[in-house]
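The following exercises are to be worked with the sequence and the coordinates at hand. Each task is followed by a solution in steps.

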Amino acid sequence: MVGELVGILWAPFLMCLVLTGIHAYLGVHVLAREVVFVDIAMAQIAALGATAAYLNGYEIEDWKAYAYCLAATLLGAAVLSITRSRRRHEAVIGIVYAVSSAAAVLLADRAAHGAEQVRTMLVGNLLSVRPFEVGKVFVLYSLVGVMHWFCRRPFLLISTDPRAAYDQGWRVRLWDFLFYASFGVVVASSVRIAGVLLVFSYLIVPALAGVMLGGTVGTRLAIGWAFGTLVSVIGMVASAALDLPTGATVVCAFGATLIVFWIGTRVSRRLAALGAAPDR
């Protein structure tokens with residue numbers, strides 16, 4: 001029994017580790033930019049592209065479906081970069097999310113089994129992942145990671161101090177487009193596999209766990225990667241043990257584990273403060 005479960009779950013688990021690696025890093029940028037909903041907006045845009053591909057007769061695994069997703073996210077990247085100003089543009093992100101969600105529902109309504117397509121876009125189908133697909137996604141995300149390494153200076157500056165980026169003469173909108181375009185490449189691939197909700201969870205929750213403990217960017221990344229790996233194990237095991245949908249189970253595991261993590265950090269800080277208090 002255990003051997004059968006391992007045979008079924010090892011490839012999806014490796015995919016979860018790959019998702020953790022790139023999404024936790026992008027989540028650090030998203031939290032620094034204070035545009036938390038940009039990830040779910042981009043994920044929903046990718047889902048809109050996938051729904052359009054499905055309506056035109058392409059299966060979600062088809063490379064043409066990925067092309068639809070990528071085209072949609074690149075368009076979203078252009079909108080988000082053009083509408084950037086020195087002020088935060090969370091309102092624009094919310095509008096993009098709402099419109100893309102409504103458009104996806106309208107398209108799905110025209111397709112046979114449209115409700116099933118909407119459900120798949122929300123929670124994905126991790127159990128259908130095969131080792132070859134894990135390898136492809138790993139290579140793609142590695143290339144995105146290399147690009148971010150070479151562009152780390154403007155990306156980090158714009159994320160943490162956009163005013164300084166403007167003052168130093170950086171072409172912020174152009175760098176924003178490059179950031180969101182690479183973001184879109186990742187999300188377009190992830191949504192087809194994991195769904196909108198799981199992509200959002202992998203982007204935000206591990207990065208938020210890192211922020212809770214503070215420290216340098218490297219420290220936050222290490223905490224986020226460790227947190228994402230732990231939750232992937234918990235979610236996969238719970239899904240197998242309770243016979244629950246994998247994607248939805250991992251999302252719920254993220255929420256429950258984050259609550260426990262938050263309580264643990266609060267208690268540890270309170271105990272540390274009491275230990276450091278001088279005796280009276």
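**Exercise 1. Burial and overall form**

What percentage of the 280 residues in the chain do buried residues make up?

Solution. The model is a predicted one. A residue counts as buried when its relative accessible area is under 20%. By that cut-off, buried residues make up 47% of the 280 residues in the chain.

Next, assign the secondary structure and compare the chain with the globule rule. There are 11 helices and 0 strands. The radius of gyration is 20 Å, close to the 19 Å that the globule rule gives for 280 residues, so the chain is as compact as a globular protein of that length. Along the principal axes, the C-alpha trace spans about 75 × 60 × 30 Å.

**Exercise 2. Contacts, surface and charge**

Describe how contacts in the chain are distributed over sequence separation, then characterise the surface and the charged side chains.

Solution. Step one takes the contacts between residues at least 6 apart in sequence: 80% of these join residues at least 24 apart. Step two takes the accessible surface, which comes to about 14,000 Å². Carbon and sulfur atoms account for 69% of that surface. Step three counts charges: 21 side chains are positive and 15 are negative. The centres of these two sets lie 12 Å apart.

**Exercise 3. The surroundings of S159**

Locate S159 and list the polar contacts of its side chain.

Solution. S159 belongs to helix α7, which covers residues 152-160. Its relative accessible area is 1%. The cut-off for buried is under 20%, and S159 is therefore buried. The side chain of S159 makes a polar contact of 2.7 Å with the side chain of H29. The side chain of S159 also reaches the backbone oxygen of F155, at 2.9 Å. With neighbours within four places in sequence set aside, the contacts of S159 are H29, A32 and R33.

**Exercise 4. The surroundings of Y141**

Is Y141 buried or exposed, and which residues does Y141 touch beyond its sequence neighbours?

Solution. Y141 lies in helix α6, residues 131-150. With 4% relative accessibility, Y141 is buried. Leaving out neighbours within four places in sequence, Y141 is in contact with V18, L19, I22, H23, V186, S189 and S190. As a check on distance, take M15, which is 126 residues from Y141 along the chain. The C-alpha atoms of Y141 and M15 are separated by 11 Å.

**Exercise 5. The backbone at D243**

Where is D243 found, and what is its phi?

Solution. D243 is in the loop between α10 (217-242) and α11 (246-276). Its phi is near 55°, a positive value in a residue other than glycine. Most residues other than glycine have a negative phi. As for accessibility, the cut-off for exposed is over 50%. D243 has a relative accessible area of 71% and is therefore exposed.

**Exercise 6. A separation in space**

Give the accessibility class of G264 and its C-alpha distance to D167.

Solution. G264 is found in helix α11. Its relative accessibility is 37%, so G264 counts as partly exposed. G264 and D167 are 97 residues apart in sequence. From C-alpha to C-alpha, G264 and D167 are 41 Å apart in space.

Conventions: Residues are numbered from 1 along each chain as its sequence is written. This is a predicted model: local features need pLDDT of at least 70, side-chain atom pairs count only at pLDDT 80 or more; totals for chains, interfaces and linings use all residues. Side-chain values use heavy atoms; hydrogens and water are left out. Helices (H or I, at least four residues) and strands (E, at least two) are DSSP runs, numbered from the N terminus. The radius of gyration is taken over C-alpha atoms; the globule rule is 2.2 Å times the number of residues to the power 0.38. Buried means under 20% relative accessible area, exposed over 50%, partly exposed in between (1.4 Å probe, protein chains only). Contact means heavy atoms within 4.5 Å. Accessible areas come from the Shrake-Rupley method with a 1.4 Å probe; for residues, only the protein chains shown count as cover. Lys and Arg count as positive and Asp and Glu as negative; His and the chain ends are not counted. The place of a charge is taken as NZ of Lys, CZ of Arg, CG of Asp or CD of Glu. A polar contact is a pair of N or O atoms within 3.5 Å; within protein, one must be able to donate a hydrogen and the other to accept it, and residues adjacent in sequence count only if both atoms are side-chain atoms.
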